[in-house]
Amino acid sequence: MLYELEHSMNVYLNLVGSEIRVNGLVYKIHWPVDRPALYEHWLETPDLLYVIANVFNLCVILIAQFGSTTVLTLYSYSDHPGGTLIIGLLTEQQHFIQLQLHDGCMIPPLHIQ
């Protein structure tokens with residue numbers, strides 16, 4: 001994900017609106033993998049959903065109390081066959097869980113960007 005942000009900087013600059021916000025995303029996902037991430041590195045912004053979608057060639061659906069959204073890939077260089085990742089945000093605990101929707105379930109609208 002870090003490679004994606006650094007090598008597609010212009011895409012994310014246009015998407016999130018400023019270099020400060022893109023640098024904030026880079027900071028969020030950059031930590032040593034040999035230990036748990038500190039709170040400041042937790043994924044808590046919908047802007048990172050685009051990075052996940054592009055890196056893993058997924059449609060990402062976020063189900064959250066503050067508003068649900070669907071993010072499609074903008075492009076993908078991944079060999080991953082694609083699919084859908086449904087994430088539930090437990091806002092009080094600030095944790096994400098993976099969900100599975102029933103067949104035929106309506107999905108949230110596309111993300112505004």
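The following paragraphs describe the nonpolar core, a helix pair, the sheet and one loop residue of a predicted model.

In the largest nonpolar core, which has 22 residues, the members that touch the most other members are Leu5, Tyr12, Leu49 and Val60. At least two residues of this core are supplied by each of α2 (9-16), α3 (19-29), α4 (47-56), β1 (59-64) and β3 (84-90), and the largest share, six residues, comes from α4. The surroundings of Tyr12 can be described in further detail: when residues up to four places away in sequence are not counted, Tyr12 touches Glu4, Leu5, Gly17, Val22, Tyr50, Val51, Asn54 and Tyr75.

Tyr12 also takes part in the contact between α2 and α3, in which Met9, Tyr12, Leu13 and Val16 of α2 meet Glu19, Arg21, Val22, Asn23 and Leu25 of α3. Sorted by class, the residues in this contact are six nonpolar, one polar and two charged. With regard to geometry, the axes of α2 and α3 come within 8 Å of each other and cross at roughly 115°, and the crossing of these two helices is right-handed.

The strands are considered next. Strands of a sheet pair through backbone hydrogen bonds, in either a parallel or an antiparallel arrangement. In this model, four strands form an open sheet with mixed pairing, and their order is β2-β1-β3-β4. The edges of the sheet are occupied by β2 (69-71) and β4 (95-99), each of which has a single partner strand, so that one side of each is left without a neighbour in the sheet. On average, and with direction ignored, neighbouring strands of this sheet are turned by 25° against each other. The pairing of β3 with β4 is antiparallel and extends over five bridges; within β4, Leu99 is the bridge partner of Ile86.

A final point concerns the backbone at Asn57, a residue placed in the loop between α4 and β1. The phi angle of Asn57 is near 55°, which is a positive value in a residue other than glycine. As for solvent exposure, the relative accessible area of Asn57 is 23%, and because the range for partly exposed residues lies between the limits of under 20% for buried and over 50% for exposed, Asn57 is described as partly exposed.

How values were computed: Residues are numbered from 1 along each chain as its sequence is written. This is a predicted model: local features need pLDDT of at least 70, side-chain atom pairs count only at pLDDT 80 or more; totals for chains, interfaces and linings use all residues. Side-chain values use heavy atoms; hydrogens and water are left out. A nonpolar core is a set of buried Ala, Val, Leu, Ile, Met, Phe, Trp, Tyr and Cys residues joined through side-chain atoms within 4.5 Å. Buried means under 20% relative accessible area, exposed over 50%, partly exposed in between (1.4 Å probe, protein chains only). Contact means heavy atoms within 4.5 Å. Axes are lines fitted to C-alpha atoms, for helices over the stretch in contact, and angles run from 0 to 180 degrees between N-to-C directions. A crossing is left-handed if the near helix is turned anticlockwise from the far one by less than a right angle, and right-handed if clockwise. Ala, Val, Leu, Ile, Met, Phe, Trp, Tyr, Cys and Pro count as nonpolar, Asp, Glu, Lys and Arg as charged, and the others, Gly among them, as polar. Two strands pair if DSSP finds at least two bridges between them.
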